Amino acid sequence: MMTSVDTDLMRVLADPLRLQIVTLLAQETLCSTHLIEETGARQTNLSNHLRVLREAGVVETEPCGRYMYYKLRPDVIAQLAGQFADLAESARDAVDNKRACP
């Protein structure tokens, strides 16, 4: 049973704009133009966040003409959710465990 969570991925998703991007991409595949419209972020800021998400393996790109579309990799999110589920199970199993103070 795994009782730790991927902290690198948590740091990536902890940023509010990146979490908003992931939430939007959970609904549909979008190009950066759509993401700018939806988030109100500037192009350079959005590009930096998308780069971080790509490098972390959270999103992948799909070229379409002169546009680049972004889509969420659900397996990565599912893996993170599984790690949290394992952590919750461990906490339920340890509810009566209490270390004595010295």
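**Arg 73 and its partners**

I looked up Arg 73 in this predicted model and found it partly exposed, with a relative accessible area of 27%. I then asked which residue Arg 73 forms a salt bridge with. The partner is Glu 60, and the closest N and O atoms are 4.0 Å apart. This pair links distant parts of the chain: Glu 60 sits in strand β2, Arg 73 in the loop between β3 and α5 (74-93), and 13 residues separate them.

I checked Glu 60 for a second salt bridge and found one with Lys 71, where the closest N and O atoms are 3.8 Å apart. Here too the pair links distant parts of the chain, Lys 71 being in strand β3 (residues 67-72) and Glu 60 in strand β2 (residues 59-64), 11 residues apart. I noted the exposure of both ends. Lys 71 has 27% relative accessibility and counts as partly exposed. Glu 60 has 33% and also counts as partly exposed.

I followed the links outward from there. Glu 60, Glu 62, Lys 71, Arg 73 and Asp 75 are joined in a network of salt bridges. As background, I wrote down that side chains of opposite charge can pair when their charged atoms come close.

**Salt bridges elsewhere**

How many salt bridges does a search of the whole structure find? I got six. One of them is between the side chains of Glu 55 and Arg 51, at 3.5 Å from N to O. I located both residues in helix α4 (residues 43-55), where they lie four residues apart, about one turn of the helix. For exposure, I read 60% relative accessibility at Glu 55, which counts as exposed. Arg 51 reads 34% and counts as partly exposed.

**Cysteines**

I searched the whole structure for disulfides and found zero. Cys 64 is in no disulfide, and the nearest cysteine sulfur, that of Cys 31, is 9.0 Å away. The cut-off for a disulfide is 2.5 Å between the sulfur atoms, so the 9.0 Å between the sulfurs of Cys 64 and Cys 31 does not qualify.

Are Cys 64 and Cys 101 buried or exposed? Cys 64 has 42% relative accessibility, so I entered Cys 64 as partly exposed. Cys 101 has 72%, so I entered Cys 101 as exposed.

**Helix α1**

I went through α1 residue by residue for burial. Leu 9, Val 12 and Leu 13 are buried. Seen down the axis of α1, the buried residues fall within an arc of 90°, so they line one face of the helix. On the other side of α1, I found Arg 11 and Ala 14 exposed.

Next I asked what the buried residues of α1 pack against. I found α2 (16-25), α4 and α5. Helix α4 also holds the Glu 55 and Arg 51 pair noted above.

**Nonpolar surface patch**

I looked up Met 10 last, which is in helix α1 (residues 7-14). At 31% relative accessibility, Met 10 counts as partly exposed. The cut-off for a patch residue is over 30% relative accessible area, so Met 10 at 31% passes. Which residues form the nonpolar patch on the surface with Met 10? They are Phe 84 and Leu 87. I recorded about 220 Å² of accessible area for Met 10, Phe 84 and Leu 87 together.

Conventions. Residues numbered from 1 in each chain as written. Predicted model: local features only at pLDDT ≥ 70, side-chain atom pairs only at ≥ 80, totals over all residues. Heavy atoms only, no water. Buried < 20%, exposed > 50% of the residue type's maximum accessible area, 1.4 Å probe, protein only. Patch = residues over 30% accessible without salt bridge, like charges linked within 9 Å, V, L, I, M, F, W, Y side chains within 5 Å. Areas by Shrake-Rupley, 256 points an atom, 1.4 Å probe, with all protein chains shown as cover. Helix = DSSP H or I, 4+ residues; strand = E, 2+ residues; numbered from the N terminus. Arc of directions from axis to C-beta. Contact = heavy atoms within 4.5 Å.
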